[in-house]
Amino acid sequence: MGLKKIEAIIKPFKLDDVKESLQALGTYGITITEVKGCGRQKGHTELYRGAEYIVDFLPKIKLEIVVNEEEVDKIVETIINSARTGKIGDGKIFVSNIEHAYRIRTGEQDEDAI
């Protein structure tokens, strides 16, 4: 059994839906970061003091969750179902391997640390 890191980039207004859906699955430690990104959504044009400028990096939320390998599919499916709007810019999910995990307070390692 291995550890996996799930990184999800989602629209900010979908954070509460995703968080509630994940909490319904069980208790998972989630790290949330406000990020900016660009992709197919391309950004948009805004006016500031009469000058037009392009905002090509849009605000997003990045979630990071480290879980046991067998939990990955249900968590990814839950994130997709609760973050999807069907419109461009819904985001991405990345799954990667975690070599080791440590709980600083107790020194527990790997599966015991998450």
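How many bridges join strand 1 to strand 6? In this predicted model, eight bridges join the two strands, which run antiparallel. The sheet they belong to is an open one of four strands, and helix 1 and helix 2 each lie across three of its strands.

**Sheet**
- The strand order is 2-5-1-6, with antiparallel pairing.
- Strand 2 (30-37) and strand 6 (91-98) are the edge strands; each has a single partner, so one side of each has no neighbour in the sheet.
- On average, neighbouring strands are turned by 20° against each other, direction ignored.
- Across the pairing with strand 6, Lys4 stands opposite Asn97.

**Helices against the sheet**
- Helix 1 lies across strand 1, strand 2 and strand 5, and runs at about 10° to strand 5.
- Helix 2 lies across strand 1, strand 5 and strand 6, and runs at about 5° to strand 1.

**Nonpolar core**
- In soluble globular proteins, nonpolar side chains tend to be buried together.
- The largest nonpolar core here has 16 residues, of which Ile10, Ile75 and Ile79 touch the most other members.
- Two or more residues of this core come from each of strand 1 (3-10), helix 1 (15-25), strand 5 (58-68) and helix 2 (72-83).
- Helix 2 gives the largest share of this core, five residues.
- Leaving aside residues up to four places away in sequence, Ile10 touches Leu15, Val18, Lys60, Ile61, Leu63, Ala83 and Asp90.

Conventions: Residues numbered from 1 in each chain as written. Predicted model: local features only at pLDDT ≥ 70, side-chain atom pairs only at ≥ 80, totals over all residues. Heavy atoms only, no water. Core = buried A, V, L, I, M, F, W, Y, C linked by side-chain atoms within 4.5 Å. Buried < 20%, exposed > 50% of the residue type's maximum accessible area, 1.4 Å probe, protein only. Contact = heavy atoms within 4.5 Å. Pairing = 2+ DSSP bridges. Axes fitted to C-alpha atoms, helices over the stretch in contact; angles between N-to-C directions.
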